Amino acid sequence: MTFPLFETIAIVNGEIQQLAWHQKRYETSLAKFYGKNVAKVHDLARIIQISTALEQAQYSPIIRCRVDYNQQAYQVQYFAYQRKTYRTFQPVICDEIEYGLKYADRTDLNQLLQQKGDCDEIMIIKQGKVTDCSIGNLVFRQGEQWFTSDTPLLAGTQRAKLLAENKIQQCTILLEDVANFDEIRLINALNPL
């Protein structure tokens, strides 16, 4: 069975993080990918087995839960997770890339990642504008304020939550603007601000 879409969900100390944001994206992605052919929408809270995830907790208090899915079925996996620090980002220009849904096929992103050189991650530039990196959204600090690109490849759940809480602001960020920021951070479900 093939699963073209997936969600990555953090479980921290036995608690599922941002479940409502993941449920919303899961349902929206199903509707966009399959249209009216969706057989069943699952409740992510019911399919994530905390007891199984906690078996991995002996290795790490943070568990990466991956839910691969299609219009009728799903597969859930759990992995111990250690947060990494990303300090350097290699700009990579790709005007053709599309990643509006969280696709299981990450071939294009992986090919771009091969261009990172000695940097920790890439910064994908599309038509002159900063979008994302290969595994999440980017946020940029200027003084006390945090900004994120208004042209993300994928509207991440962490990004959506931070925007709703007014902790970050959207704006157009051109490649030449990057030098004007004091700090860049990677955010995703497993890496909060």
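In this predicted model, helix 1 and helix 5 cross in a right-handed manner. The axes of helix 1 (residues 19-34) and helix 5 (residues 157-164) come within 9 Å, and the angle of their crossing is roughly 120 degrees. Helix 1 is therefore oblique to helix 5. Angles from 65 to 115 degrees would count as roughly perpendicular, and those over 145 degrees as roughly antiparallel.

On the side of helix 1, the residues that meet helix 5 are Trp21, His22 and Arg25. Their partners in helix 5 are Thr157, Ala160, Lys161 and Ala164. By character, the residues of this contact comprise three nonpolar, two polar and two charged.

Helix 5 also has a buried side to consider. Its buried residues are Thr157, Gln158, Arg159, Leu162 and Leu163. Thr157 thus appears both among these buried residues and in the contact with helix 1. The elements that cover the buried residues of helix 5 include those in the following table, together with strand 1 and helix 1.

| Covering element | Residues |
|---|---|
| Strand 8 | 137-142 |
| Strand 9 | 145-149 |
| Strand 10 | 169-171 |
| Strand 11 | 183-187 |

Just after helix 5, Asn166 adopts a positive phi of about 60 degrees.

The report now turns to the nonpolar cores. In soluble globular proteins, nonpolar side chains tend to be buried together. The largest nonpolar core of this model has 15 residues, of which Ile9, Ile11, Leu44, Ile48, Cys65, Val67 and Tyr78 touch the most other members. At least two residues of this core are supplied by each of strand 1 (5-12), helix 1, helix 2 (44-47) and strand 3 (62-69). Strand 3 provides the largest share, with four residues.

Which residues does Leu44 touch, when those up to four places away in sequence are not counted? Leu44 touches Ile9, Leu19, His22, Gln23, Tyr26 and Val67. One of these, His22, also takes part in the contact between helix 1 and helix 5. A second core, separate from the largest one, has 13 residues and includes Ile125, Val130, Leu138 and Phe140.

Is Arg46, which lies in helix 2, buried or exposed? Arg46 has a relative accessible area of 69%. Residues over 50% count as exposed, so Arg46 is exposed. Arg46 and Ala104 are 58 residues apart along the chain, and their C-alpha atoms are separated by 22 Å.

Terms used. Residues numbered from 1 in each chain as written. Predicted model: local features only at pLDDT ≥ 70, side-chain atom pairs only at ≥ 80, totals over all residues. Heavy atoms only, no water. Axes fitted to C-alpha atoms, helices over the stretch in contact; angles between N-to-C directions. Parallel < 35°, antiparallel > 145°, perpendicular 65-115°, else oblique. Left-handed = near helix turned anticlockwise from the far one by under 90°. Contact = heavy atoms within 4.5 Å. Nonpolar A, V, L, I, M, F, W, Y, C, P; charged D, E, K, R; others polar. Core = buried A, V, L, I, M, F, W, Y, C linked by side-chain atoms within 4.5 Å. Buried < 20%, exposed > 50% of the residue type's maximum accessible area, 1.4 Å probe, protein only.
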